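Student: I am new to this structure and would like a close look at a single part, the place where the metal is held. Could you take me through it slowly and then show me what else there is to see?

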Amino acid sequence: MPVDDTHDPALRSWVPSANRPGSDFPIQNLPLGVFEHPMHRDRRVSVAIGDELLDLRACAEQGFFAGSLADLGAACSQGSLNALMALGRDASRELRATLSAWLRSGADGVHGWRARLEPVLIPTERVRLCLPATVGDYTDFYASVFHATNVGSMFRPDEPLLPNYKYVPIGYHGRASSVVVSGTAVRRPSGQVKRDDAMEPVVAPTRRLDYELEVGAWVGRGNTLGTSIPIGDAEEHLFGVSLVNDWSARDIQQWEYQPLGPFLAKSFATSVSPWVITFEALEPFRVPALTRPAGDPEPLAYLDSPRTRSAGAIDLRLEVSLATARMREEGLPPHVLSRSSLRHLYWTFGQLLVHHGSNGCNLRPGDLLASGTVSGPTRDSRGCLLELTWRGSEPVVLPTGEERRFLDDGDEVVLRGWCERDGAARIGLGCCRGVVIAATQVDAG
Ligand code: CA
């Protein structure tokens with residue numbers, strides 16, 4: 001899948017805000033999402049361009065997806081991206097080429113696209129953005145060896161990294177029903193916790209609420225139950241990525257996680273950013289998979305391929321910030337807690353997808369495969385408070401003088417992601433935000 005004229009950094013759009021330096025959504029990005037129409041109150045597929053979005057259902061209704069584009073037009077007329085995801089990568093490439101041709105400077109000339117599209121362009125601030133897809137299944141992996149090692153060393157100092165880690169992409173099945181779009185408030189969960197000095201657990205609001213800085217890959221074309229996906233075909237089944245915050249209650253997690261892994265410590269909420277950055281848009285930012293340290297095993301054959309080695313990873317920069325209620329009252333901007341990059345992952349999204357389907361498990365369009373906390377090798381690249389404050393022993397000090405070991409009510413967590421390098425246009429993922437609200441009264445029964 002080559003870099004083509006849609007990636008040309010010199011390309012400009014006739015939508016002025018798309019050309020503003022630093023915009024997450026220049027014409028080289030063209031991320032897809034779903035919004036609630038301000039008048040019709042239905043959900044519609046759209047593409048972001050600068051500060052606006054293009055209503056793709058309206059484009060279909062006006063016959064802009066004519067002839068060979070009819071399948072794309074039908075898929076763009078749905079209330080979610082699932083139908084578009086199911087069409088596969090050839091369709092994604094065709095949609096990207098089409099949208100790029102419509103929105104680029106010069107398109108106001110010969111074919112008059114500007115005049116036709118301006119009536120169906122809507123300022124993004126005027127709409128409510130929705131979950132981009134109906135998530136049938138959500139799986140969370142553990143693909144950062146730095147995160148796995150940090151967490152492991154807190155709980156198992158003698159053996160931080162279990163011997164399977166370098167062979168098996170570790171994951172668990174998350175909860176799809178509580179995947180929510182960025183901006184949704186997150187209620188502090190209550191659950192069974194056993195305090196260090198107590199003999200018995202109690203049911204109480206978590207005191208150790210945390211975020212996890214992650215990226216999720218959306219599955220495109222699925223596979224049939226009983227069949228697996230060869231690593232060489234992995235990219236054909238990957239549609240795009242969004243930011244993911246895997247909210248976690250560490251005290252609930254600590255009491256419940258053995259022997260079967262995370263459960264209620266994670267399933268109360270998972271936030272995702274509304275725009276899906278397609279794998280086409282990410283193409284200029286593909287980089288070799290992490291070089292494994294000397295002595296580490298090579299991936300088993302079903303997880304190894306020339307493409308994985310040469311360009312399996314993505315150089316996607318990540319940042320997490322925190323704004324307390326007091327910081328917002330005082331007009332202070334969110335405070336950056338850490339920065340990381342997706343290129344630090346031990347496993348690529350292709351490897352995660354192939355491993356997931358290797359037992360014949362069927363993946364479906366709109367399934368969400370999250371990376372796990374994207375921590376890097378340094379202290380300032382740790383992707384959750386558990387690691388940053390080392391289980392609460394080294395609190396973070398904020399510009400107001402407030403300290404955080406874990407999240408307080410009123411705290412807003414903001415994730416951002418973007419790709420940039422010389423010779424390519426910078427593209428962004430937008431942001432994924434959520435405010436923590438107080439727990440409801442625990443029902444003692
Ligand atoms: Ca996670």
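Tutor: What follows begins with the metal site and then moves on to the pockets, the cysteines and the aromatic rings. Please keep in mind throughout that this is a predicted model.

The metal is a calcium ion, and its protein donors are Asp140 and Asp246, each through OD, together with Glu212 and Glu214, each through OE, at 2.2 to 2.3 Å from the ion. Read along the chain, these donors follow the spacing D-x71-E-x1-E-x31-D. Glutamate 214 and aspartate 246 link distant parts of the chain, being 32 residues apart, with glutamate 214 in strand S13 (residues 213-219) and aspartate 246 in the loop between strand S14 (238-245) and strand S15 (248-249). Glutamate 214 has a relative accessible area of 0% and is therefore buried, and aspartate 246, also with a relative accessible area of 0%, is buried as well.

From the site we can turn to the open spaces in the protein. The largest pocket has a volume of about 750 Å³, and of the 33 residues that line this pocket, Tyr142, Arg156, Ile170, Tyr257 and Pro262 are the closest to its centre. At least two lining residues come from each of strand S6 (138-141), helix H6 (145-155), strand S7 (171-173) and helix H7 (250-256), and H6 gives the most, with five residues. Sorted by class, the lining of the largest pocket has 16 nonpolar, ten polar and seven charged residues.

The second largest pocket holds about 440 Å³ of space, and it is lined by 23 residues, of which Phe25, Thr124, Leu129, Trp275 and Cys431 are the closest to its centre. Here strand S26 (residues 427-437) gives the most to the lining, with four residues, while the classes divide into ten nonpolar, six polar and seven charged residues.

Cys431 leads us to the cysteines. The sulfur of cysteine 431 has its closest cysteine sulfur in cysteine 432, 7.5 Å away, and because this is too far for a bond, the two are not joined. The count for the structure comes to zero disulfides. Cysteine 59 is likewise in no disulfide, the nearest cysteine sulfur being that of cysteine 76, 8.4 Å away, and cysteine 59 is buried, with a relative accessible area of 0%.

The aromatic rings give another view of how parts of the chain come together. The structure holds nine aromatic pairs, and one of them is formed by phenylalanine 64 and tryptophan 102, which meet edge-to-face at 6.1 Å centre to centre, with 80° between the planes. This pair also links distant parts of the chain, 38 residues apart, since phenylalanine 64 is in the loop between helix H1 (56-61) and helix H2 (70-75), whereas tryptophan 102 is in helix H4 (residues 89-103). Both phenylalanine 64 and tryptophan 102 are buried, and they belong with Phe65 and Trp113 to one aromatic cluster.

Finally, consider alanine 204, which lies in strand S11 (residues 202-205). Its relative accessibility is 12%, so alanine 204 counts as buried, the cut-off being under 20%. Between the C-alpha atoms of alanine 204 and threonine 291 there are 44 Å, and these two residues are 87 residues apart along the chain.

Technical notes. Residues numbered from 1 in each chain as written. Predicted model: local features only at pLDDT ≥ 70, side-chain atom pairs only at ≥ 80, totals over all residues. Heavy atoms only, no water. Donors = N, O, S within 2.8 Å, 3.2 Å for Na, K, Ca; no water. Buried < 20%, exposed > 50% of the residue type's maximum accessible area, 1.4 Å probe, protein only. 1 Å grid on protein atoms, 1.4 Å probe; cavity = no way out; pocket = protein on both sides within 12 Å on 5 of 7 lines; lining within 4 Å. Points joined across faces, edges and corners; volume = space filled by probe spheres on them. Nonpolar A, V, L, I, M, F, W, Y, C, P; charged D, E, K, R; others polar. Disulfide = S-S within 2.5 Å. Phe/Tyr/Trp six-rings, centres within 6.5 Å; stacked < 30°, edge-to-face > 60°.
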